[in-house]
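Here's a quick tour for anyone who is new to reading protein structures. Keep the picture open while you go through the points.

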Amino acid sequence: MLISEWIQQSRKIISVGPNFKAFRAQRGIFHQEPPTLSLKSPESLTTALDIYLSPQMPEFFCEVEMAIVIGQDVKHVAEKDVPSVVAGYAISNDITASTHFESGRFKMYDQTTPIGELVQLTDPGDVQLEMWVNGECIQRDNTKEMMFSAHWLVAHVSDIMTLRAGDILLAGTPANPKICRTGDIIEMRSPQLGSIRHTLHLGT
């Protein structure tokens, strides 16, 4: 199916982080405990070229991430069985309203998860991710540098909650997520996942 069809089924998006080793080091996180999890709503998903963000987001980060799209309802899936329950992978932008960390609203706004097309991968543990802002490369890393693998993350989250077909896990962002502003042109690039490009606008 196309990503647009999966989006129609999606009930929740689980954002993971920090997960990349360089980003964890940048944040002073040196323990081996699992990353934090945050929920986003299906209304955050978009494939649009023009993104309209809430005026309640005066400051926000853009973060390139690999999205894991769940292909069937699952609970307590073993890590070795995760490939059989994953529909595919996609490149995404996990936009985060940084001024709302304390209020808990930092992942709650609409159109904050632009996402690319669904791709099949033989090895989600070797995926190059890049974010370009106004023609400048800001983030670059490979999923082999994640502390916790895509398969481990799905198994871990499925032990916490039931995952439904169409649900999406965002596997974490590399170091140097960037504070962006309306008018910026954002590109997420990956040789394995393809690319997406969108312009940020002030919404209502």
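**Strand 6 and its partners**

Strand 6 is joined to strand 11 (residues 168-170) by 3 bridges, and the two run antiparallel. Before going further, keep in mind that this is a predicted model. We'll start with strand 6, move on to a loop residue, then look at a sheet and some charged pairs.

- Zoom in on that antiparallel pair and you'll find Ala 67 with Leu 170 of strand 11 as its bridge partner.
- Strand 6 also pairs with strand 7 (residues 86-93), again in the antiparallel sense, this time over 7 bridges.
- On the strand 7 side, Val 86 is the bridge partner of Ile 70.
- As a rule, side chains in a regular strand alternate between the two faces of the sheet.
- You can see this in strand 6: Val 64, Met 66, Ile 68 and Ile 70 point one way, while Glu 65, Ala 67 and Val 69 point the other way.
- Is strand 6 (residues 64-70) mostly covered or mostly open? It's mostly covered, with 7 of its 7 residues buried.

**A loop residue to look up: Ala 165**

- Ala 165 sits in the loop between helix 3 (150-160) and strand 11.
- Ala 165 counts as buried because its relative accessibility is 16%, and the cut-off for buried is under 20%.
- Which residues does Ala 165 touch, if you skip its neighbours within four places in sequence? The contacts are Trp 6, Gln 9, Ile 70, Gly 71, Gln 72 and Asp 73.
- So Ile 70 turns up twice: it's in contact with Ala 165, and it's bridged to Val 86 in strand 7.
- For a sense of scale, Ala 165 and Gln 26 are 139 residues apart in sequence and 34 Å apart in space, going from C-alpha to C-alpha.

**An open sheet**

- Elsewhere, 5 strands make an open sheet with mixed pairing, in the order 4-14-13-9-10.
- Strand 4 (50-53) and strand 10 (136-142) are the edge strands, each pairing on one side only.
- On average, neighbouring strands of this sheet are turned by 20° against each other, direction ignored.
- At one edge, strand 4 pairs with strand 14 (residues 194-202) in the parallel sense over 4 bridges.
- In that pairing, Leu 53 stands opposite Leu 202 of strand 14.

**Charged pairs**

- Side chains of opposite charge can pair when their charged atoms come close.
- How many salt bridges are there? The count comes to 9.
- One of them joins the side chains of Asp 94 and Lys 107, at 2.8 Å from N to O.
- Asp 94 and Lys 107 both lie in the loop between strand 7 and strand 8 (113-114), 13 residues apart.
- Asp 94 is buried, with a relative accessible area of 0%, and Lys 107 is buried too, at 8%.
- Another salt bridge links Lys 144 with Asp 126, where the closest N and O atoms are 3.7 Å apart.
- Here Lys 144 is in the loop between strand 10 and helix 3, and Asp 126 is in the loop between strand 8 and strand 9 (128-133).
- Both ends are partly exposed: Lys 144 has a relative accessible area of 47%, and Asp 126 has 33%.
- Arg 197 and Glu 187 also meet through their side chains, at 3.4 Å from N to O.
- Arg 197 is in strand 14 and Glu 187 in strand 13 (residues 185-190), so this salt bridge ties together parts that are 10 residues apart in sequence.
- Arg 197 is partly exposed at 47%, whereas Glu 187 is buried at 16%.
- Finally, Lys 40, Asp 94 and Lys 107 are joined into one network by salt bridges that share partners.

Notes
Residues are numbered from 1 along each chain as its sequence is written. This is a predicted model: local features need pLDDT of at least 70, side-chain atom pairs count only at pLDDT 80 or more; totals for chains, interfaces and linings use all residues. Side-chain values use heavy atoms; hydrogens and water are left out. Buried means under 20% relative accessible area, exposed over 50%, partly exposed in between (1.4 Å probe, protein chains only). Two strands pair if DSSP finds at least two bridges between them. Contact means heavy atoms within 4.5 Å. Axes are lines fitted to C-alpha atoms, for helices over the stretch in contact, and angles run from 0 to 180 degrees between N-to-C directions. A salt bridge is a side-chain nitrogen of Lys or Arg within 4 Å of a carboxyl oxygen of Asp or Glu.
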